[in-house]
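User: I should like to learn how to read helix faces and surface patches in a protein model. Please take me through one case.

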Amino acid sequence: MKKTIRYLFLSVFVFVFSQIYEYFSHGVYSNYMLYAFLIPFLGLSVPSFLLHSLKKALPANSRFLWKCGIATLTVGSIYKGILEIYGTNGYFEFPYLFLGVTLCVSAVITCIGKQELIVEREGQGRKEYLES
């Protein structure tokens, strides 16, 4: 549950950052900047809450790839929003999107390809992953 709360705070931070940035942009706004907080919220907070509720865990490799993909998509959205607010174009919009989606898809493939069992040790509360 701690992770879910951390991810919620991350989403709130992105939301506050985008609101402050748009406040100082003299009335110009971008939907990419405005809705950038939804990427960590829907990509990290909601899945973390669901996994915690279902008492499931994902392999470490899949979690790492997924977090990297969501971070890349969030930064790419903020970058695109900044460029739209300034009225310019850049060359990195597509690479952010492509890399973020590629990382998320590879996380899903890694998770599906590696079926693992969760074994909790008695009295220690630690989770170990055993390949099946």
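**Reading the fold, helix by helix**

Analyst: Contacts (heavy atoms within 4.5 Å) between residues 24 or more positions apart account for 64% of those in the protein with a separation of 6 or more. This is a predicted model, in which local features need pLDDT of at least 70 and side-chain atom pairs count only at pLDDT 80 or more, while totals for chains, interfaces and linings use all residues. Residues are numbered from 1 along each chain as its sequence is written, and side-chain values use heavy atoms, with hydrogens and water left out.

User: How many helices and strands does the protein have?

Analyst: Helices (H or I, at least four residues) and strands (E, at least two) are DSSP runs, numbered from the N terminus. Here there are five helices and two strands, in the order α-α-α-α-α-β-β from the N terminus.

User: Which residues of H1 are buried, and where do they lie around the axis?

Analyst: Buried means under 20% relative accessible area, exposed over 50%, and partly exposed in between (1.4 Å probe, protein chains only). In H1, Thr4, Tyr7, Ser11, Val14, Ser18 and Glu22 are buried. Viewed down the axis of H1, they fall within an arc of 80 degrees (taken from the directions from the helix axis to the C-beta atoms), so they line one face of the helix. Lys2, Arg6, Phe9, Phe13 and Tyr23 are exposed on the face turned away from that buried side. The cover over the buried residues of H1 includes helix H2 (31-34), H3 and H4.

User: What do the buried residues of H5 pack against?

Analyst: They pack against helix H4 (60-86). The buried residues of H5 are Gly100, Leu103, Cys104 and Ala107. Seen down the helix axis, these residues fall within an arc of 90 degrees, so they too line one face of H5. On the other side of H5, exposed residues include Phe94, Phe98 and Ile109.

User: Which element gives the most to the nonpolar patch?

Analyst: Patches are made of residues with over 30% relative accessible area and no salt bridge (a side-chain nitrogen of Lys or Arg within 4 Å of a carboxyl oxygen of Asp or Glu); like charges are joined within 9 Å, nonpolar side chains (Val, Leu, Ile, Met, Phe, Trp, Tyr) within 5 Å. In this protein a nonpolar patch covers about 1,100 Å², and Met1, Phe9, Tyr35 and Val46 are among its residues. Helix H1 (2-23) and helix H3 (38-54) each give two or more residues to the patch, and H3 gives the most, with seven. Val46 lies in H3 and, at 31% relative accessibility, counts as partly exposed.

Conventions. Areas by Shrake-Rupley, 256 points an atom, 1.4 Å probe, with all protein chains shown as cover.
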